[in-house]
Amino acid sequence: MIKHSLSFINKLNSPRLIINNYSCSRLNNSSNNLYNYSNSKLYCTTSTENNSSNSNDHHSRIYTKTGDKGTSSLFNGERRAKNDHVFCVLGSVDELSAHIGVAKEYYLNLQYSGTNEKVRECKDQMVQQLEEIQCLLLDVGSHIATPKDSADAFLKRSPFADYHVESVEHWIDAMDVHLPPLRNFILPGGNLQSAQFHVCRSVCRRAERDLVSLDHVDTVNPSVMKYVNRLSDYFFTVARFCVFLTNSQEAVYKRPKVPSEHESKYQRHLEKR
Amino acid sequence: MSEEQETREYHSKIYTKTGDKGTSSLYNGERRTKNDAFFHALGTIDELGAVLGVALEHCILDKTDPLIEMLEKLVALMLDVGACVATPLDNSKETHLKKTRFSDNYVKVLEKWIDSMDSQLPPLKHFIIPIRVGLASAHLHQARAICRRAEREMVSLSIHELIPTEVSVFMNRLSDFLFVAARFAAKNHGADEGYWTGCGKTGL
């Protein structure tokens with residue numbers, strides 16, 4: 001009777017559903033009771049309850065306090081300590097989405113003064129791509145939050161298509177053709193937008209490392225793993241593309257010079273003056 | 001004062017070099033390796049303070065009252081949270097514990113702030129996504145994610161009863177606050193938040 005699936009999103013019209021990121025829900029269809037699991041950020045009232053709601057009702061919808069003792073729950077309702085590795089992975093994925101949000105705000109201010117139509121097309125499509133990625137990261141989260149025992153049933157209902165991986169590859173290729181070939185290690189920077197996307201790339205790698213050390217990693221959809229791996233390549237390309245759009249110079253790695261003993265003495269002498 | 005003494009004194013202000021071998025000390029003076037769970041938690045609390053500082057600057061640019069005042073207090077409170085976490089319950093002197101005690105009043109303050117902002121926001125119907133929300137909101141979402149990381153790292157300490165409950169509860173409520181603050185800043189920015197409609201589709 002009680003089933004857990006993401007289809008609760010479609011049932012939003014009847015119950016009033018309050019959700020924060022990484023909350024998942026179980027709905028008992030017959031009574032519209034909502035089983036709150038995950039980080040205590042889910043709250044639901046039916047419309048009749050809503051009418052008779054008192055002032056506490058309003059308050060409890062954001063902070064349910066169920067996580068105050070350091071536990072949170074998974075997609076199947078199982079409660080675990082918040083320092084459980086699965087929440088570490090979910091948190092990293094969430095953090096990545098937040099960083100993408102920041103990077104995109106900066107990206108919206110980026111101007112391209114060139115005339116190449118293909119480049120302009122790439123530039124214009126990027127905001128949409130980033131939004132799609134942010135949405136898919138929620139799907140990635142729901143896959144990660146589904147441990148072994150409930151994986152089979154869930155995967156059937158909520159597939160993560162290889163198609164998404166291919167899309168990212170096409171996006172990378174479309175940008176990469178315009179970029180100068182890589183001959184050196186690139187340094188983060190060049191412009192603010194590029195720097196932010198390098199942050200995304202490094203946070204994405206952390207999420208991937210966290211994901212790989214997950215206990216039930218072998219039951220995670222391979223497309224999800226591929227997707228996360230491909231994303232860091234995407235952010236690397238986007239970071240370079242941002243530098244290209246503003247016609248700025250890419251900073252490359254040069255071996256920093258170690259001053260000789262004589263030189264450093266001279267340097268100190270100069271600083272003192 | 002000789003030249004050498006002068007140099008040494010100047011240098012010691014910022015770099016003491018005592019951590020060069022990978023250890024650092026807690027508030028009670030106990031030295032631990034820098035990869036200890038305590039320093040993970042303290043580092044993330046520090047990181048959260050830094051991001052809150054960035055968010056605050058953007059709120060100032062956007063003139064987002066009353067968030068400016070709240071964030072100013074929270075940036076300072078991160079030091080109190082850090083001080084409290086840096087004083088393990090099991091082996092610190094009573095004087096140290098007394099000095100760094102974290103009041104549970106702050107949780108109530110957060111709840112009041114959450115309620116006052118939340119009452120001005122439209123009800124949530126979807127998973128929201130920080131897109132086209134303005135830099136202040138985007139950074140507050142980032143702060144929320146980092147706050148959750150700090151909370152997770154603090155759980156590794158609280159399950160062994162090494163840090164007081166008040167500070168853990170505070171961090172749990174702080175992520176709720178940052179979520180509401182991010183929505184509030186977006187509204188102030190005049191932006192409609194994006195939401196998730198499943199399988200990579202966005203609604204705006």
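Glu161(B) is exposed, with a relative accessible area of 61%, in this predicted model. The residue sits in the loop that runs between helix H6 (135-158) and helix H7 (165-188) of chain B. Its backbone is worth a second look: Glu161(B) is not a glycine, yet its phi is positive, at about 55°. Most residues other than glycine have a negative phi, and most peptide bonds are trans.

Chain A offers a similar case. Lys65(A), also a residue other than glycine, has a positive phi near 65°. This lysine belongs to the loop between helix H2 (55-60) and strand E6 (71-73) of chain A. With a relative accessible area of 42%, Lys65(A) is partly exposed, because that value falls between the 20% limit for buried and the 50% limit for exposed.

An unusual peptide bond appears in chain B as well. Asp65(B) and Pro66(B) are joined by a cis peptide bond, with omega about -5°. Pro66(B) lies in the loop between helix H2 (37-62) and helix H3 (67-85) of chain B.

Turning to charged side chains, the search of the whole structure finds 19 salt bridges over all chains. Side chains of opposite charge can pair when their charged atoms come close. In chain A, one of these pairs is Glu169(A) with Arg230(A), whose closest N and O atoms are 2.7 Å apart. Glu169(A) is in helix H6 (residues 162-176) and Arg230(A) in helix H8 (residues 222-245) of chain A, so this pair ties together parts 61 residues apart in sequence. Glu169(A) counts as partly exposed, at 28% relative accessibility, whereas Arg230(A), at 17%, counts as buried.

In chain B, Asp36(B) and Arg32(B) form a salt bridge with an N to O distance of 3.3 Å, and both residues are buried. Another bridge links Glu47(B) to Arg149(B), with 2.9 Å between the closest N and O atoms. Here helix H2 of chain B holds Glu47(B) and helix H6 of chain B holds Arg149(B), so the pair ties together parts that are 102 residues apart in sequence. Glu47(B) is partly exposed at 31% relative accessibility, while Arg149(B) is buried at 11%. Salt bridges with shared partners also join Lys65(A), Asp68(A), Glu111(B) and Arg173(B) into one network.

Glu111(B) is among the buried residues of H5(B), which also include Val107(B), Leu110(B), Trp113(B) and Ile114(B). Helix H5 of chain B has 14 residues (105-118), so at 1.5 Å a residue a span of 20 Å is expected, and its end C-alpha atoms are indeed 20 Å apart.

Technical notes
Residues are numbered from 1 along each chain as its sequence is written. Chains are lettered from A and ligands numbered from 1 in the order in which they are written. This is a predicted model: local features need pLDDT of at least 70, side-chain atom pairs count only at pLDDT 80 or more; totals for chains, interfaces and linings use all residues. Side-chain values use heavy atoms; hydrogens and water are left out. Helices (H or I, at least four residues) and strands (E, at least two) are DSSP runs, numbered from the N terminus. The expected span of a helix is 1.5 Å times one less than its number of residues. Buried means under 20% relative accessible area, exposed over 50%, partly exposed in between (1.4 Å probe, protein chains only). A salt bridge is a side-chain nitrogen of Lys or Arg within 4 Å of a carboxyl oxygen of Asp or Glu.
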